[in-house]
2 protein chains.
Amino acid sequence: MLKGFLEPASIAVVGASENTMKPGGKIVENLISKGYEGALFLLNPKAQTVQGKKAFASLAELPRTPDLVYIAIPAPLVGDTLAELGSMGVKRVIILSAGFGEINEKGRQEEKRLAEIADQYGMVILGPNCLGVMSPVHAGKFAGLLPEMKPDGLDFISGSGATVDILSEQAVSRGLFFNSFFTVGNSAQTGVDDVLALLDQDHTPQSPKHILLYMEKISSAEKLLNHARSLAQKGCVIAAIKSGVTEDGERAAASHTGAMAVTDTAVQALFDKAGIIRASSKLEMVDLASALVMAKGKFNGKRACVVTDAGGPGVMTTDELNRQGIKTPLFKPETQAKLAELLPPGAGVKNPVDLLPTRTPSQIAETMKIIAEMEAGNLDYILIQVGDPGFRDNWPVYEAILKSMETLDLPVFASFSTSISSGEALKKYRAKGKCHFEDEVSMARAVGRMANRPKIHPPKPDPVDYDKAKVAQILNGATGVVSPDKLRQVLMAAGIPTPKELIITTEQELKQAESTVPLPWVMKVVGPLHKTDLGGVVTNVSREAAGKTIERLMKIENAQGVMVQEQVQGIEVIMGLSRESGFGHLVAFGLGGVLAEALKDVRFGLSPLVPDEALTMINSIKALPVLKGYRGQPGMDLNRLADILTRVSLLARDVPQIKEMDINPLKGQAENLSAVDVRIIMD
Amino acid sequence: MLKGFLEPASIAVVGASENTMKPGGKIVENLISKGYEGALFLLNPKAQTVQGKKAFASLAELPRTPDLVYIAIPAPLVGDTLAELGSMGVKRVIILSAGFGEINEKGRQEEKRLAEIADQYGMVILGPNCLGVMSPVHAGKFAGLLPEMKPDGLDFISGSGATVDILSEQAVSRGLFFNSFFTVGNSAQTGVDDVLALLDQDHTPQSPKHILLYMEKISSAEKLLNHARSLAQKGCVIAAIKSGVTEDGERAAASHTGAMAVTDTAVQALFDKAGIIRASSKLEMVDLASALVMAKGKFNGKRACVVTDAGGPGVMTTDELNRQGIKTPLFKPETQAKLAELLPPGAGVKNPVDLLPTRTPSQIAETMKIIAEMEAGNLDYILIQVGDPGFRDNWPVYEAILKSMETLDLPVFASFSTSISSGEALKKYRAKGKCHFEDEVSMARAVGRMANRPKIHPPKPDPVDYDKAKVAQILNGATGVVSPDKLRQVLMAAGIPTPKELIITTEQELKQAESTVPLPWVMKVVGPLHKTDLGGVVTNVSREAAGKTIERLMKIENAQGVMVQEQVQGIEVIMGLSRESGFGHLVAFGLGGVLAEALKDVRFGLSPLVPDEALTMINSIKALPVLKGYRGQPGMDLNRLADILTRVSLLARDVPQIKEMDINPLKGQAENLSAVDVRIIMD
């Protein structure tokens with residue numbers, strides 16, 4: 001299906017115009033000037049020719065059914081034309097016409113009609129109010145830059161046409177190439193996630209692509225998640241902007257494309273699970289794309305070396321790498337000695353390498369080779385930054401770097417920050433099909449973001465003692481707050497541990513309690529409603545005091561027994577489930593207590609989790625040192641914690657009717673953890 | 001003094017060369033080609049002429065003493081030449097020659113000698129190993145771009161020559177101008193802070209300048225602080241990079257310019273106090289400079305409006321402003337109606353304004369005028385982003401924006417992100433002397449950073465009951481851990497509250513205790529050494545239990561009395577002092593307890609603080625909600641807290657021999673706060 005958008009054998013333009021100030025004129029001009037080689041059918045009822053080519057008065061006159069149709073006629077006429085195209089057997093339509101949902105409610109209704117028509121005929125439509133599609137085969141985009149497109153370039157799917165234009169300018173000026181631009185406009189039928197799905201379906205693992213997304217709305221979180229993960233398995237990396245995530249930004253997005261409010265938290269959880277690197281600006285996305293392209297598929301390490309031709313940029317680059325958690329290890333003495341032999345006195349040879357502004361192309365080539373050979377196994381990336389001291393042409397320097405990029409096993413990232421004085425040399429460099437950064441700190445940041453990108457955790461079988469069927473059966477039909485009884489059953493079926501307890505009635509039975517419930521105890525009278533008011537709850541009961549306590553508690557009116565419960569000691573954490581419209585359930589994890597709550601030190605994931613994913617969440621809270629044990633206070637076993645968090649997430653998967661769940665606190669030490677206070681609210 | 005660097009009436013170049021591949025040749029070429037109009041004396045013992053100008057064989061032959069001398073001769077010859085220049089009465093020397101401290105220890109020693117010679121003759125020397133100085137009057141810089149310099153441009157003082165080259169390219173491509181570049185190289189005598197001091201001395205409040213600094217080392221934190229604050233009072237804003245602040249970056253900086261390790265925390269505290277906006281990359285600094293220039297002196301508000309010609313960029317800009325704490329308030333209905341009248345259907349008119357890609361120059365001009373007039377008082381900034389839809393020349397659009405910048409009272413910030421397709425139009429725009437951003441999110445971030453920059457708190461008199469003389473007298477000559485007795489005296493003299501207490505010996509005296517020490521009490525036996533082991537400390541003593549307790553405590557061997565102390569209730573915070581080499585004392589503030597410590601939720605300031613400054617620190621901890629009172633727990637009076645923190649900071653000012661001080665915890669509710677546990681360690 002997508003191939004027909006990228007490589008259509010024939011294209012029709014409905015509303016083809018002589019006037020290139022209009023979309024219907026500009027798109028024809030662009031298709032022709034960029035050398036579209038397939039059959040081009042121009043439709044215009046009033047003209048014999050359009051821009052020097054034969055025009056057709058109606059669709060009926062076309063010699064055959066076109067692969068792809070662009071519509072650029074007034075909004076009120078679009079619906080009927082679309083239906084006509086559908087009945088002709090056209091499968092792909094791009095609606096450039098504006099004047100729909102972005103104007104008013106009537107427009108929104110009309111968009112719904114377009115989607116219905118498209119669905120009825122099994123068509124995929126992009127738009128309305130979009131900028132078109134561009135590929136190496138055709139330039140179906142009616143505004144902005146028309147850069148050279150290459151089959152091995154980036155794919156960019158965008159909910160904003162202007163964002164494609166601007167981002168592509170920024171990208172092209174850095175030597176990046178694209179394979180496709182997809183603009184989805186108002187997404188009447190097909191959103192960014194839908195195009196991603198089509199892209200995934202057409203994609204083979206043999207040709208990993210890096211994909212950029214700009215989204216104001218996410219039509220289906222599930223679709224985005226599944227296809228992003230599937231693409232990742234094929235070796236693709238996705239970088240994406242989801243805008244409209246702050247209070248004012250959300251209002252702006254709603255008025256722009258009618259996006260629904262989605263919390264920033266939910267977006268982050270979704271991206272984390274989908275392995276998508278999140279960007280907040282086009283510039284940041286261009287930086288990420290540059291890093292991905294230069295990495296040549298090697299983007300997992302955390303050790304880098306920095307090569308510069310001046311000290312200052314070397315220091316700043318190293319600072320930024322460190323901030324991103326990337327180390328710049330000292331070179332081995334042999335490597336240092338070898339570099340010192342090669343370079344003049346005053347050069348830095350330890351990492352960072354400062355070649356000094358006198359650097360020659362051969363010094364650069366030799367330095368890169370020495371590093372790559374002698375530090376193989378100690379390094380994951382080489383970052384090089386060169387300026388332009390102004391004494392010689394910079395091109396031979398760039399050429400030497402280009403060769404290193406091509407010949408070395410280690411990925412080489414390059415920043416050339418003198419776009420004015422080395423303008424001509426940079427053009428030559430880019431003409432070789434290579435990209436570069438313009439700022440070395442941005443380069444270091446992008447490499448760090450790439451190396452730290454969220455990792456996808458493959459699905460795992462449920463824990464063996466998690467009883468999916470039983471969980472669903474217990475909560476089946478429950479509404480509102482789940483009763484203590486059902487709660488206990490659900491937790492048991494899910495394998496979520498609760499404090500050990502035993503109900504007894506006599507002092508004699510304390511022996512039995514002693515063997516099953518660890519001391520000290522909490523003792524609660526069973527039977528009366530307002531236990532606490534009646535003095536029916538006693539904490540911190542020792543074995544010695546237990547006899548007298550049970551005696552007293554059994555004397556309380558209506559006492560049917562005494563619950564002897566483990567008094568759990570240790571750290572308190574919280575776990576929770578909440579539903580996010582369109583995203584399923586968010587799973588929350590954080591340290592318990594007022595302070596942790598005030599500091600918002602809580603991580604969120606998207607249900608269901610696998611244990612590794614839960615562990616990543618747990619490991620990323622700031623209070624991790626407390627969790628691990630602090631100042632003599634014993635810590636929690638993090639794997640056990642991750643296991644329990646996984647089980648909580650499975651509850652949401654298996655009982656979607658859970659509206660909210662809170663474990664506050666889950667408490668304990670080492671592996672001995674218990675959900676002390678649990679609440680589930682059903683729809 | 002600085003004027004002679006910027007506007008020298010005569011310049012001598014020692015080591016002037018025919019070879020423009022050498023610094024001594026290139027600098028002559030640059031001075032001549034950029035039209036230096038003063039007297040230029042070229043020194044070369046072996047040539048009659050250099051680059052077509054008469055050459056002098058020795059300094060003795062010069063017709064008069066030059067205002068400024070550049071030295072570009074081999075390192076071993078520099079010292080003697082400098083001495084000769086000194087004896088001739090030369091006051092300003094810029095040493096371009098390399099081969100000093102950046103090479104080896106011998107070079108470091110030679111640098112010391114240069115500084116001594118300079119000091120002896122009252123000379124100011126820049127370098128060695130620097131790139132030179134550039135101003136509107138002369139281009140004394142031997143590498144990189146030589147942009148047009150303007151008296152109302154930015155000043156840039158840098159510890160890295162390459163950083164000047166690269167940053168200026170980035171800046172010039174955005175339409176920024178400079179008044180000066182100062183490169184200080186190895187800073188044998190004069191560092192970045194010293195040049196800043198000279199700049200401050202020459203500066204009048206009539207011509208506020210924005211100043212950029214790049215520093216790997218800070219020679220004198222005090223100098224930087226004082227002159228930055230003085231410049232701020234003259235209306236200048238400083239943006240600065242201090243690099244070498246991470247573990248690896250520090251190592252890189254040490255090997256580059258021999259910078260000493262300084263913690264990131266100390267740098268931040270210094271910048272905060274000095275009102276300096278901190279940047280971590282040249283690109284970020286260029287963004288900050290652009291924001292400062294476009295702000296036209298109005299950089300304090302937190303309300304902005306966003307105008308774009310496409311929806312997507314508007315949403316991203318709004319998101320970033322919100323992240324920076326800048327609101328984009330909805331326009332008044334009248335404003336919305338007026339804009340809706342002006343703009344086509346589908347345009348956004350609420351804030352952000354989406355003009356749509358069809359925007360005309362007159363629509364832009366009119367929109368800006370309507371906003372500025374009708375929303376006057378509701379807004380502090382207008383941010384405009386335009387792309388290039390490709391239908392018309394973008395210059396008239398830029399021209400309309402340029403006019404708005406010039407005519408409107410509200411500062412207008414502009415991002416033009418299509419540097420390729422609007423290349424020619426952008427050149428015209430920059431030729432008008434205006435700058436622009438290239439990315440709208442970077443623009444929003446820079447405006448936010450500017451509005452949120454640290455504010456300078458003017459000095460205030462000490463609190464009336466802070467007894468400076470007494471504090472100094474008590475701690476005079478103390479070493480090691482300060483004794484409990486002295487500690488109590490110092491805290492009292494400083495007005496730092498401690499828990500109320502009274503020493504009594506009999507039950508009868510409890511009446512007196514009741515009237516002075518609030519209940520409940522902590523009762524401690526006075527006399528015996530290991531009180532706790534003897535059961536000599538009892539907490540939470542009620543009035544009723546006090547009689548029996550005193551009776552028992554007085555029976556302990558060696559009991560001389562019983563200390564009746566207030567048992568302080570409430571929140572716990574920590575305050576501290578620590579010394580940072582070269583920076584004086586850092587003052588720390590944070591919430592008490594293990595968790596707060598683990599989360600590193602602590603703010604640092606530079607001693608001495610004024611109460612407003614202390615309050616800013618207190619208000620910036622993440623746990624602020626807890627401090628203010630949380631879930632029924634009463635909070636602390638923040639002004640009282642700031643007062644105490646100020647007093648702690650004054651101790652460091654008045655007794656610099658304090659090595660460390662900890663109050664852990666300071667505890668209490670509302671205004672009733674007490675330093676419960678205090679430790680001071682002296683040198």
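Here are some short exercises with worked solutions on a predicted model.

**Exercise 1. Find which residues of helix 15 of chain A are buried, and work out how they are arranged around the axis.**

Step 1. Start with the helix itself, which spans residues 423–431. Its buried residues are Gly423(A), Ala425(A), Leu426(A) and Tyr429(A).

Step 2. Now look down the axis. These residues cover an arc of only 160 degrees, so they sit on the same side of helix 15 of chain A.

Step 3. Turn to the face that points away from this buried side: there you will meet the exposed residues Glu424(A) and Ala431(A).

Step 4. Next, ask what lies over the buried residues. The cover includes helix 14 (395–407) and strand 19 (412–416) of chain A.

Step 5. Finish just past the helix, where Gly433(A) follows with a positive phi near 85 degrees.

**Exercise 2. Place Val293(A) in its helix and list its contacts beyond four places in sequence.**

Step 1. Val293(A) belongs to helix 10 of chain A, which runs over residues 282–295.

Step 2. Check the accessibility. The relative value for Val293(A) is 37%, and since partly exposed is the class between 20% and 50%, Val293(A) counts as partly exposed.

Step 3. Leaving out residues up to four places away in sequence, Val293(A) touches Leu154(A), Leu176(A), His210(A) and Cys435(A).

Step 4. Take one of these partners, His210(A), a little further: 83 residues separate it from Val293(A) in sequence, while the C-alpha atoms are 7.8 Å apart in space.

**Exercise 3. Compare the settings of Asn129(A) and Asn540(A), each with a positive phi.**

Step 1. Read the backbone angles. Phi is near 65 degrees for Asn129(A) and near 55 degrees for Asn540(A); neither residue is a glycine.

Step 2. Locate each residue. Asn129(A) is in the loop between strand 7 (124–126) and strand 8 (132–134) of chain A, whereas Asn540(A) is part of strand 23 (residues 537–541) of chain A.

Step 3. Assign the exposure. With a relative accessible area of 29%, Asn129(A) is partly exposed. Asn540(A), at 52%, is exposed, because that class begins over 50%.

**Exercise 4. Locate the cis peptide bonds that lead into Pro128(B) and Pro352(B).**

Step 1. The bond from Gly127(B) to Pro128(B) is cis, with omega near 0 degrees. Pro128(B) is in the loop between strand 7 (124–126) and strand 8 (132–134) of chain B.

Step 2. The bond from Asn351(B) to Pro352(B) is also cis, with omega near 5 degrees. Pro352(B) lies in the loop that joins strand 16 (348–349) and strand 17 (353–354) of chain B.

How values were computed
Residues are numbered from 1 along each chain as its sequence is written. Chains are lettered from A and ligands numbered from 1 in the order in which they are written. This is a predicted model: local features need pLDDT of at least 70, side-chain atom pairs count only at pLDDT 80 or more; totals for chains, interfaces and linings use all residues. Side-chain values use heavy atoms; hydrogens and water are left out. Helices (H or I, at least four residues) and strands (E, at least two) are DSSP runs, numbered from the N terminus. Buried means under 20% relative accessible area, exposed over 50%, partly exposed in between (1.4 Å probe, protein chains only). Contact means heavy atoms within 4.5 Å. The arc is that of the directions from the helix axis to the C-beta atoms.
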